[in-house]
Amino acid sequence: MLGNETRITEFILLGFQDLADFQILLFLTFLVIYIVAVTGNILIFVLVIFDQHLHTPMYFFLGNISFLEFCYTASIFPRMLSALLTGNKVISFSSCFTQWYICATLIVTECCLLCAMSYDRYLAVCKPLHYVTMMKTQTCVQLAATSWLSGFTVFLPLLILMLQLHFCGPREMDHYFCDYSPILHLSCSDTRMLKQLSYMVAAMFVLFPFLLIVISYVYIITAIFKIPSTTGRQKVFSTCSSHLTVISIFYGSLIVVYMLPKTEGKGSTGKFSSLLYIVLPALANPFIYTLRNQEVRKALRNIIGRIIHYKLIP
């Protein structure tokens, strides 16, 4: 019997089967979202690399987050778009666990990167005289490397344990990508330890960075209110507003998806709510940092000007 359990080599992602009549419409909608998200995040990543004015700690972390959002959408959308277009909902055992591992690690990495950005803003606002010496290039690289390394290592024990699970059927997963809870739900093994470990990881690498972010912004807001002039307060707050908006979108969507009470029998609702934190941060971040940030807009104009100048001059 155990031998039969381990012979499962593929899962079936049911996706949006409740909306069978709207598969083409869903495909076109998600295709547009994917193209816009990928283009926007790659554009910011390229700007941060090639524009000298954006070679600062804040934009260094922003470039990391933009590259992360590109990787995150690329790990989910192509497979989902293919299923909507062709109707092939089968995903191999190894591809399913690989997709989950990549998505989970990127979420933890983003939490750590957002925490590093809040530390950067804290030093810039509350410790301006020490900012240059404390946020050196080496420090930024170390913070970013630690964030990426934390994401990719913290889930390795969980991945190893999950690969030892037995799956005795059914193979149908009521989701459009391989998420943690749906995978455990299909297993006929005891998954209580895996659930407890996931709570520990979430507390250490999701909630703890969020707590540090909140503490940083308490100090930042307190420092802003101590500035005597209204113009000075607005100028300082504008340097943090984009980052604060991104944090609100990312953690707000995570809270809606994973912390609010689940309603039984509302699988479609759960799937669409998970789109909130998959789509919204990747789609909104480029617009937030381009529409509300003068430096990024200026860098974008410079790059476009260089391209036009290069094409006009033979």
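**Exercise 1.** In this predicted model, determine whether Asp190 counts as buried or exposed, and find which residue Asp190 forms a salt bridge with.

*Solution.* Begin with the accessibility of Asp190, whose relative value is 52%. Exposed means over 50%, and Asp190 therefore counts as exposed. Turn next to the partner, which is Arg192, with the closest N and O atoms of the pair 2.8 Å apart. Arg192 has a relative accessible area of 59%, so Arg192 is exposed as well.

**Exercise 2.** Establish how many salt bridges a search of the whole structure finds, and describe the one that Glu10 forms with Arg171.

*Solution.* The search finds 3 salt bridges. In the one formed by Glu10 and Arg171, the closest N and O atoms lie 3.0 Å apart. Now locate the two residues: Glu10 belongs to strand S1 (residues 10-13), while Arg171 sits in the loop between helix H7 (156-162) and strand S3 (172-173), so the pair ties together parts that are 161 residues apart in sequence. Finally, consider accessibility, where Glu10, at 28%, counts as partly exposed, and Arg171, at 32%, also counts as partly exposed.

**Exercise 3.** Find the partner of Arg121 in a salt bridge, and decide whether Arg121 is buried or exposed.

*Solution.* The partner is Asp120, and the closest N and O atoms are 2.9 Å apart. As for accessibility, both Arg121 and Asp120 are buried.

**Exercise 4.** Describe the chain over residues 97-119, a span that the unreviewed UniProt entry lists as a transmembrane region.

*Solution.* Taking secondary structure as the starting point, the span is 100% helix and 0% strand. Its end C-alpha atoms are then found to be 33 Å apart.

Note on methods:
Residues are numbered from 1 along each chain as its sequence is written. This is a predicted model: local features need pLDDT of at least 70, side-chain atom pairs count only at pLDDT 80 or more; totals for chains, interfaces and linings use all residues. Side-chain values use heavy atoms; hydrogens and water are left out. UniProt positions are given in the numbering used here, feature names are shortened, and annotations may be inferred rather than shown by experiment. Helices (H or I, at least four residues) and strands (E, at least two) are DSSP runs, numbered from the N terminus. A salt bridge is a side-chain nitrogen of Lys or Arg within 4 Å of a carboxyl oxygen of Asp or Glu. Buried means under 20% relative accessible area, exposed over 50%, partly exposed in between (1.4 Å probe, protein chains only).
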